[in-house]
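Here is a short report on one chain and its ligand. Look at the sequence and the model first.

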Amino acid sequence: MTLPKIELHLHLEGAAPPAFVRGLATEKKIDISGIFDDRGNYAYTDFWHFLKVYEAATSVLTTPADYARLTRAVLAESAASGVIYSECFLSPDFCGGRDVGAWREYLHAIREAAEEAERQDGITLRGIVTPIRHFGPEKARETALCAAETAGDWLVGFGLAGDEKVGRPKDFAWSFDCAREAGLRLTCHAGEWGGPDSVRDAVRDLRVERIGHGVRAIEDPALVDELAEAGIVLEVCPGSNVALKLYPNFRAHPIEKLMERGVKVTVSTDDPPFFHTTMAREYDALAEAFGWDDGVFRQIADTSIRAAFCMEETRDKIL
Ligand code: ADE
Ligand code: ZN
């Protein structure tokens, strides 16, 4: 599949290859050996264990320079998969501990690395600031303030990741209002581990225009119609859902059904090394599972670029 790809749902820390993380751990003498299997891959038993392994891996990323190196590595991999535009979740929780001054330094390093990748590999990155739901609403407020301070043409969105079973979307309404007032566009992880009500609450209480995953909306036909009607875009990550055992295989994934029911769907990798995936593999697996041809992937790319949070002129430049 050689069509240019647009990715809207990628966690920067979650895209850190195991060898990259091991290298930093060795340099910094941090013991994280328990998070890898015999072959050196990330090892986890379920989503909640995955979150723990993820946070342990992130613990080796302690400086803006680490994030600059990570950004270059991640974008080189994405570009090799044919990605020309990527929106990446960035968390002040991991980048400077929600201190605005430190956050600015991390952001500066990530942005410089992204600009170098744009010149060399022709891939454009934009950032979405993301609090972590299970860290609680108070930390999300601090994160929203970091986001509001740095919102602009590069930092374009605000989201919410982490354990969807903890708290309710309305607990985070203050943070989303703050981000919206700062001009940020909004998305929220929902309908991955929570059911249809979790998606409904995120749309109603946070007024998001995109949903991260959202696939469990399929369990409620009325909600599917509402999403289609409202033009809410789903950032679907099929390989992530299969690796985390939400669905047994690609064929059982609801992405095609959602699309057939008129919901706007896009395709992303989420945390590619954790799920042994890349954008190229996602496209190949979807083509194999559903028999999709270039026309379907062109439609997905078209939906994705229209749903991107970047400014119009960035969009025009990419196309
Ligand atoms: N953070 C990284 N990956 C995630 C996922 N799949 N769901 C929720 N939070 C995440
Ligand atoms: Zn995600």
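The text below covers confidence, the nonpolar core, the ligand shell and one loop glycine.

**Confidence.** This is a predicted model. The chain averages a pLDDT of 97. At least 70 is reached by 99% of the residues. For the complex, the predictor gives these scores:

| Score | Value |
|---|---|
| ipTM | 0.99 |
| pTM | 0.98 |

**Core.** The largest nonpolar core holds 93 residues. Within this core, Ala147 and Phe158 touch the most other members. Helix 4, residues 100–121, supplies the largest share of this core, with eight residues.

Which residues does Phe158 touch, leaving out those up to four places away in sequence? They are Ile128, Val129, Ala144, Ala147, Phe176, Ala179, Leu184 and Leu186. Ala147 is thus one of the contacts of Phe158.

**Ligand shell.** Ligand 1 is surrounded by His11, Gly14, Tyr54, Ala161, Gly162, His189, Glu192, Ser240, Asp270 and Asp271. By class, the shell around ligand 1 has five polar, three charged and two nonpolar residues. The charged ones are Glu192, Asp270 and Asp271. The nonpolar ones are Tyr54 and Ala161.

**A loop glycine.** Gly97 sits in the loop between strand 2 (83–90) and helix 4. Is Gly97 buried or exposed? Gly97 is exposed, because 11 other C-beta atoms lie within 10 Å, and the cut-off for exposed is 12 or fewer. The C-alpha atoms of Gly97 and Leu258 are separated by 38 Å. Along the chain, Gly97 and Leu258 are 161 residues apart.

Note on methods. Residues are numbered from 1 along each chain as its sequence is written. Chains are lettered from A and ligands numbered from 1 in the order in which they are written. This is a predicted model: local features need pLDDT of at least 70, side-chain atom pairs count only at pLDDT 80 or more; totals for chains, interfaces and linings use all residues. A nonpolar core is a set of buried Ala, Val, Leu, Ile, Met, Phe, Trp, Tyr and Cys residues joined through C-beta atoms within 7 Å. A residue is buried if 20 or more other C-beta atoms lie within 10 Å of its own, exposed if 12 or fewer, and partly exposed in between; C-beta atoms are placed from the backbone. Helices (H or I, at least four residues) and strands (E, at least two) are DSSP runs, numbered from the N terminus. Two residues are in contact if their C-beta atoms, placed from the backbone, lie within 7 Å. pLDDT is the predictor's confidence in each residue, from 0 to 100. A residue is near a molecule or strand if its C-beta atom, placed from the backbone, lies within 6 Å of it.
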